[in-house]
Amino acid sequence: MPPRLPPLSALRLFEAAGRHQSFKRAAAELHLTPSAVSHGIVGLEQTLGVALFTRSPQGLTLTPEGVDYLAYVTEAFSLLLTGTRRLPTPDASRAIAITCAPTLASRWLLPRLDMFMRRMPGVDITVDTSRRQVGFPTDGFDFAIRLSRAPVASDTWHRLFGERFVPVCSPAYLTMHAREDGTVDLRDATRIHVSSASEDWQVWAEGAGIDDFDTRGGLSFDSIQLAFEAAMAGLGIVIGRRPLVDEYLATGSLVPAHDVTTQSQGAYWLISAPDIEPHPECVAFRNWVIEQAGTHQGE
């Protein structure tokens, strides 16, 4: 007699917990309590007779058996979701789910989104700005817009545009600290850092050919947007990431603090789920984003 399959709900708990390596993050994704996820995993382990996770004060890790089983469970959910998405759906239920880094979403995607909504009326759009790693198609997203340093050879990856770095500050800070040439001596300035991109200052300094410059110290924030706001408040100088900082430069809320702009090693990419072709609204969105990226590069 073949073994009985575990309940689908328990497998869903395991897939999320294994992907996140955390009961807490899996619970947040599934709108459950961490206790419910933990008890569900224990029940699954008892059903299978195998320990899937190692619990320790340092955190949660998959056992070798758990790593092996997660690959099969993830593939199974991917096949189920792909098959479900290929079923015909009425136009009234058309929807697009996008995950995008929060600052890019607010500074680049949202100001343009109205154009797509006018082009494709009746399409529901969900934008997620969480920073978690996305697994297609299990997570239910159609697209992800992500920053990547390495080129990716894939039909589902489309390069949108690169980033350029320029030190920026408020007009008042520039007036107070400017030298005769209109720039700021960065060695004496308060440098503003983004904790998730702590290498920005060093990358800019190397690109600008500045060797005797200690990029450490100053203020540090956990988001690019907050770092921009700190600079606008006159607290110091931050590395402006273009295009994220372009609107602030255009309005004069921030101004260049140095005359050198350097090219970042990273670029923004549009990553599509592998099963969007049967869905005209998704194909239209992909083409529209690529079109907008081309327009942006020409600005």
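Visitor: Which helix holds Met 176?
Guide: This is a predicted model. Look along the chain for residues 171–177. Met 176 is found in that stretch, which is helix H6.

Visitor: Is Met 176 buried or exposed?
Guide: The relative accessible area of Met 176 is 67%. Exposed means over 50%. Met 176 therefore counts as exposed.

Visitor: What separates the C-alpha atoms of Met 176 and Gly 234?
Guide: Along the chain, Met 176 and Gly 234 are 58 residues apart. In space, their C-alpha atoms are separated by 9.9 Å.

Visitor: Where is Arg 216, and is Arg 216 buried or exposed?
Guide: Find helix H7 (200–207) and strand S8 (219–221). Arg 216 sits in the loop between them. Its relative accessibility is 64%. With the cut-off at over 50%, Arg 216 counts as exposed.

Visitor: Which residues is Arg 216 in contact with, leaving aside its neighbours within four places in sequence?
Guide: One partner is 25 residues away along the chain, yet its C-alpha atom is 7.9 Å from that of Arg 216. That partner is Arg 191. Leaving aside neighbours within four places, the contacts of Arg 216 are Arg 191 and His 193.

Visitor: Gly 218 is in the loop between H7 and S8. Is Gly 218 buried or exposed?
Guide: That loop also holds Arg 216. The relative accessibility of Gly 218 is 58%. Over 50% is the mark to pass, so Gly 218 is exposed.

Visitor: Which residues does Gly 218 touch, leaving aside its neighbours within four places in sequence?
Guide: Start with a distance. The C-alpha atoms of Gly 218 and Ile 192 are separated by 5.8 Å, with their places 26 residues apart along the chain. Leaving aside sequence neighbours within four places, Gly 218 is in contact with Thr 190 and Arg 191.

Visitor: Why are H1 and H3 described as roughly perpendicular?
Guide: H1 covers residues 8–20 and H3 covers residues 34–48. Their axes lie 9 Å apart, and they pack at about 115°. Angles of 65 to 115 degrees count as roughly perpendicular. Therefore H1 and H3 are roughly perpendicular.

Visitor: How many residues of each class are in the contact of H1 with H3?
Guide: H1 brings Ala 10, Leu 11, Leu 13, Phe 14 and Ala 17. H3 brings Ala 36, Val 37, Gly 40, Ile 41 and Leu 44. Sorted by class, the contact of H1 with H3 has 9 nonpolar, 1 polar and no charged residues.

Visitor: What is the handedness of the crossing of H1 and H3, and of H1 and H2?
Guide: Take the pairs in turn. The crossing of H1 and H3 is left-handed. H1 passes H2 in a crossing that is right-handed.

Visitor: How many residues of each class are in the contact of H1 with H2?
Guide: H1 and H2 pack at about 125°, with axes 8 Å apart. The H1 side is Arg 12, Leu 13, Ala 16, Ala 17, Arg 19 and His 20. The H2 side is Phe 23, Arg 25, Ala 26, Glu 29 and Leu 30. By class, the contact of H1 with H2 has 6 nonpolar, 1 polar and 4 charged residues.

Visitor: What is the phi of Gln 21?
Guide: Gln 21 is in the loop between H1 and helix H2 (23–30). Its relative accessible area is 29%, so Gln 21 is partly exposed. Most residues other than glycine have a negative phi. Gln 21 has a positive phi, near 55°.

Visitor: What about the phi of His 31?
Guide: His 31 is in the loop between H2 and H3. His 31 is exposed, at 73% relative accessible area. It is a residue other than glycine, and its phi is positive, near 60°.

Visitor: Is the peptide bond from Arg 242 to Pro 243 cis or trans?
Guide: Pro 243 is in the loop between strand S9 (237–242) and helix H9 (246–251). Most peptide bonds are trans. The bond from Arg 242 to Pro 243 has omega near 25°, and is cis.

Visitor: How far apart do the C-alpha centres of domain 1 and domain 3 lie?
Guide: Domain 1 is 8–62, and domain 3 is 163–266. Domain 2 has two pieces, 96–161 and 267–295. The C-alpha centres of domain 1 and domain 3 lie apart by 42 Å.

Conventions: Residues are numbered from 1 along each chain as its sequence is written. This is a predicted model: local features need pLDDT of at least 70, side-chain atom pairs count only at pLDDT 80 or more; totals for chains, interfaces and linings use all residues. Side-chain values use heavy atoms; hydrogens and water are left out. Domain bounds come from an automatic or database domain assignment. Axes are lines fitted to C-alpha atoms, for helices over the stretch in contact, and angles run from 0 to 180 degrees between N-to-C directions. Helices (H or I, at least four residues) and strands (E, at least two) are DSSP runs, numbered from the N terminus. Angles under 35 degrees count as roughly parallel, over 145 as roughly antiparallel, 65 to 115 as roughly perpendicular and the rest as oblique. A crossing is left-handed if the near helix is turned anticlockwise from the far one by less than a right angle, and right-handed if clockwise. Contact means heavy atoms within 4.5 Å. Ala, Val, Leu, Ile, Met, Phe, Trp, Tyr, Cys and Pro count as nonpolar, Asp, Glu, Lys and Arg as charged, and the others, Gly among them, as polar. Buried means under 20% relative accessible area, exposed over 50%, partly exposed in between (1.4 Å probe, protein chains only).
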